[in-house]
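Please look over the sequence and the 3D structure below. A short briefing follows them.

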Amino acid sequence: MVTRKNPIFDTATTLGKILGFLGVSAICGVLVAGLLVPAAAVSGSAASGSIQFFDTLPAELQVDPPSQNTTILAKDGTPIASIYAENRTKVPLDQMSPFIKDAVIAIEDSRFYDHGGIDTTGIMRALVSTARGNKQGASTITQQYVNNVINESLVASGKEDDVKLNGYNKGVGDKLREMKLAIALEKKFSKEQILEGYLNIVFFNRDAYGIEAASKFFFSTSAKDLTLPQAALLAGLVNSPSAFDPIANPDNAKKRRDLVLAAMVNQNKITQAEYDEAVATPVTTKVTPARQGCAYATMAPYFCDYVLHLLLNNPAYGETQDDREKRVMRGGLTIQTTLDPTAQTVAQQQVDATAGANPDKWGASLVSVQPGTGQIVSMAQNTVWLPQEGKFDQTQNFNVDVLDANGNDLNGIGGFQPGSTMKPFTFAEWLNEGKSMNQNVNASVRRYGVNFPWRNTCPTPTDGFYDATVPGSFDLQNSDQGYYRNMTVLYGLMNSINTATFASAAQVDLCGIQKIVDATGIHGGLPMRDKEGKITDPNPQVPMTRLSNLIGATQTAPLTMAAAFATFAADGKYCEPIAITSVKDQAGAELPAQASNCKDAVKPDVARGVAYAMQEVLNAGSGSLIRPSLSTRNNFPVAAKTGTNDTNGSTWVVGYTTGLATASWFGDPLGDQSRPGRNMTVNGKYYQAIDGYMIAGPQFTNYMLSVAPAYGTNPFPAPPSNLLGGGAPQRNTTPAPSTPNNNAPSNGGNTGGNSGNNGNGNGNGNGNNDKD
């Protein structure tokens with residue numbers, strides 16, 4: 001509360017000083033009586049009445065743990081980042097140097113072990129000094145602790161304006177309440193507990209709260225290893241952190257430090273020899289700046305940010321966003337994550353090598369999950385969080401949904417068009433309906449008009465058409481003219497032929513494709529909103545009854561695609577991606593984390609059939625162009641699919657072993673993501689048009705060659721013979737070039753229709769640029 005000054009006690013006047021001195025002296029007498037003499041033994045009604053008055057003052061003081069640093073850890077316990085509102089790390093008293101304990105007591109409260117919360121001798125001395133015009137404090141360590149606890153509680157409650165600073169904005173009522181609380185505190189806690197609490201809460205300047213943070217910042221050491229001169233300097237800071245700052249005011253800091261040392265030798269805390277040596281020591285610092293937040297993460301800053309958003313979006317951590325931020329930023333949580341530091345290092349090296357420093361700001365990203373658990377193993381991209389000369393700086397996370405990167409911000413990325421990496425899901429429904437992958441389809445059909453008889457048992461009507469006879473529409477296209485012919489469904493997927501995918505889809509239930517896409521967790525990366533901007537669906541469905549989505553028109557996050565492909569690696573079991581395995585508060589109590597949430601999404605035989613086909617993508621199909629080579633025949637069993645969108649601005653390889661699924665992406669991450677990936681130079685190499693195998697491909701293979709063996713590379717189970725249909729897969733008759741074909745046609749897809757998130761057009765868009 002704010003107290004109003006009584007003009008009679010205005011200490012600006014001589015009369016006021018005298019009356020103030022006498023009035024507070026009377027209160028001090030009451031305090032002395034209250035501390036030293038039981039109330040029943042006090043004679044005289046005046047004294048008894050005064051004690052009763054004092055006893056009516058509030059004694060409540062909730063000593064909650066002060067704001068503490070939250071720590072994010074990798075899977076092996078390696079620190080990733082420290083998150084805090086106040087830079088503080090709590091340490092027990094026995095983990096503090098004896099010098100700091102003695103120094104603080106010597107300079108701040110020499111009778112700390114003798115009084116019961118307030119020092120009446122000190123108060124009388126201060127009153128006399130104040131009455132003479134020289135303001136002097138008399139707060140004990142206990143009173144200072146009370147003041148800090150109250151202020152900490154106010155700040156945590158968002159009431160920063162109500163904070164009371166020693167000697168500045170306190171009234172008599174505030175001071176009396178502080179004294180009463182100090183007395184109550186001494187009855188509840190031991191001296192050691194109070195001293196420990198004080199040294200862990202007090203502010204030392206430079207964003208350092210508590211002795212451990214101060215030791216780390218000013219001297220790059222711990223509280224237990226402070227030397228005598230260092231401890232005396234920090235003890236001196238408490239009185240005025242700015243005035244005695246050894247960095248900004250080294251001369252003031254030395255005078256104050258030496259004053260502390262003098263108090264220590266006078267009180268027999270140290271010897272004369274120790275004093276002489278300490279005062280002769282120059283004031284020097286060895287600063288370790290506190291690096292707060294994911295921007296200063298030791299690794300994986302975007303994964304770190306993703307983890308924070310998972311907690312900030314979780315109602316279990318508070319009813320409101322503010323409540324959740326306070327819990328995370330001030331709660332001293334220990335967050336154990338799934339991140340593998342070794343895999344993360346390789347992932348970061350790969351995206352940096354792909355496009356670490358590029359003036360045109362092309363993006364590259366890698367994200368991996370573990371099949372069967374959903375644990376995120378790595379998450380990297382080729383940008384830096386904080387601006388650096390010559391670097392592509394970006395705070396947007398390329399790998400996740402916009403809500404997991406920007407909260408309610410409308411300006412997030414939320415993924416990219418997946419292109420042909422959506423084709424395996426039509427192939428999966430083909431197998432799901434019991435059809436053979438070696439069955440022929442007519443891939444010469446390019447026209448699917450308005451009245452084409454699609455089979456669709458979903459309530460959502462089929463949307464879109466391809467018909468060049470209709471103004472504004474086009475016939476379906478492939479990138480290479482030689483593929484408009486009969487071919488097996490397997491061959492069509494191996495070589496990523498648009499017309500083969502549509503010919504397959506024309507013979508299955510579009511609603512069956514929808515069910516597989518939904519079951520494997522695929523969704524749009526941007527939420528659906530109403531006219532007022534309110535989120536109506538955070539994970540919107542990718543409607544497979546919209547024809548352009550058969551070949552990847554809807555914006556989808558790489559993490560989503562990696563988890564979906566992991567379903568095929570896990571014999572048809574889909575697991576939601578998870579990043580947090582445990583969260584503990586300051587006391588070690590477990591808080592809500594994430595657990596593997598898996599379900600049967602695809603029949604095991606279907607998953608095995610898809611794995612068989614996507615191994616052939618690398619062995620003899622569009623993925624055989626990837627360099628360095630990664631295929632079943634040359635290394636270990638890997639299944640993958642390439643993908644490129646209509647403008648060549650979004651290129652992919654998504655694939656897996658039995659133990660690791662990875663999405664590799666390269667393209668345009670800026671603006672509306674419509675910048676064509678054509679006539680461009682990356683790492684000094686010119687590309688007429690980029691496809692999935694060219695840049696995202698080597699990024700994928702280099703990473704998997706290094707990381708996948710640690711997670712298991714067993715052979716995939718063979719699919720049943722009825723899905724194989726007999727016979728060996730068709731092979732390309734044209735040998736794969738020894739180097740990527742940068743002169744491949746780049747106008748293979750339609751340019752109309754839906755190319756954004758959950759488009760509302762007629763669906764007459766291709767969504768990918770084959771053959772990739």
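The points below cover confidence, overall make-up, internal spaces and a few individual sites.

This is a predicted model. The average pLDDT is 85. The protein has 772 residues, of which 56% count as buried. It holds 23 helices and 18 strands.

**Confidence**

- A pLDDT of at least 70 is reached by 80% of the residues.
- Residues 1-26 stay under 50 in pLDDT. The model gives this stretch 27 contacts beyond four places in sequence.
- Residues 731-771 also have a pLDDT below 50. Beyond near neighbours in sequence, this stretch has 148 contacts in the model.
- Where pLDDT is low, the predicted coordinates should not be read in detail.

**Overall make-up**

- Among contacts with a separation of 6 or more, 72% join residues 24 or more positions apart.
- Helix α7 spans residues 191-201 and is mostly covered. Eight of its eleven residues are buried.
- The buried residues of α7 are Lys 191, Ile 194, Leu 195, Gly 197, Tyr 198, Leu 199, Asn 200 and Ile 201.

**Cavities**

- The model has two cavities of 30 Å³ or more.
- The largest cavity encloses about 60 Å³ of space. Its lining consists of Lys 423, Thr 426, Phe 427, Val 489, Gly 492, Leu 493, Ala 500, Thr 501 and Ser 504.
- Three helices each give at least two residues to the lining of the largest cavity: α16 (423-432), α17 (489-494) and α18 (498-505).
- By class, the lining of the largest cavity has four nonpolar, four polar and one charged residue.
- The second largest cavity holds about 40 Å³ of space. Residues from two parts of the sequence are listed in its lining: Val 369, Gln 370, Pro 371, Gly 372 and Gly 374, then Ala 563, Ala 566, Thr 567, Ala 570, Lys 573, Tyr 574 and Cys 575.
- Helix α20 (558-569) and strand β10 (573-575) each supply at least two residues of the lining of the second largest cavity.
- The lining of the second largest cavity divides into seven nonpolar, four polar and one charged residue.

**Second largest pocket**

- The second largest pocket has a volume of about 740 Å³. It is lined by 29 residues. Closest to its centre are Leu 310, Asp 404, Asn 539, Glu 576 and Pro 577.
- Helices α12 (301-312), α15 (403-406), α19 (510-519) and α20 each provide at least two residues of the lining of the second largest pocket. The largest share, three residues, comes from α12.
- The lining of the second largest pocket comprises 16 nonpolar, eight polar and five charged residues.
- Helix α20 thus appears in two linings: that of the second largest cavity and that of the second largest pocket.

**Thr 140**

- Thr 140 sits in the loop between α4 (120-131) and α5 (141-156).
- Its relative accessibility is 1%, so Thr 140 counts as buried.
- The side chain of Thr 140 reaches the backbone oxygen of Gly 117 at 2.7 Å.
- Leaving out residues up to four places away in sequence, Thr 140 touches Asp 109, His 115, Gly 117, Ile 118 and Asp 119. Gly 117 is thus both a contact of Thr 140 and the partner of its side chain.

**Thr 338**

- Thr 338 lies in the loop between β3 (334-337) and α14 (341-355).
- Thr 338 is buried because its relative accessible area is 2%, under the 20% cut-off.
- The side chain of Thr 338 reaches the backbone oxygen of Ile 578 at 3.5 Å.
- Beyond four places in sequence, Thr 338 touches Lys 75, Phe 303, Gln 375, Ile 376, Val 377, Ile 578, Ala 579, Ile 580 and Thr 581.
- Val 369 is 31 residues from Thr 338 along the chain, and their C-alpha atoms are 9.5 Å apart. Val 369 is also one of the residues lining the second largest cavity.

**Arg 330**

- Arg 330 belongs to helix α13 (residues 321-330).
- With a relative accessible area of 13%, under the 20% cut-off, Arg 330 counts as buried.
- The side chains of Arg 330 and Glu 86 are joined by a polar contact of 3.5 Å.

Note on methods:
Residues are numbered from 1 along each chain as its sequence is written. Side-chain values use heavy atoms; hydrogens and water are left out. pLDDT is the predictor's confidence in each residue, from 0 to 100. Contact means heavy atoms within 4.5 Å. On a 1 Å grid over the protein atoms alone, a cavity is a set of points where a 1.4 Å probe fits but cannot get out, and a pocket is an open set with protein on both sides within 12 Å along at least five of seven lines; lining residues have an atom within 4 Å of a point. Grid points are joined across faces, edges and corners, and a volume is the space filled by probe spheres set on the points. Helices (H or I, at least four residues) and strands (E, at least two) are DSSP runs, numbered from the N terminus. Ala, Val, Leu, Ile, Met, Phe, Trp, Tyr, Cys and Pro count as nonpolar, Asp, Glu, Lys and Arg as charged, and the others, Gly among them, as polar. Buried means under 20% relative accessible area, exposed over 50%, partly exposed in between (1.4 Å probe, protein chains only). A polar contact is a pair of N or O atoms within 3.5 Å; within protein, one must be able to donate a hydrogen and the other to accept it, and residues adjacent in sequence count only if both atoms are side-chain atoms.
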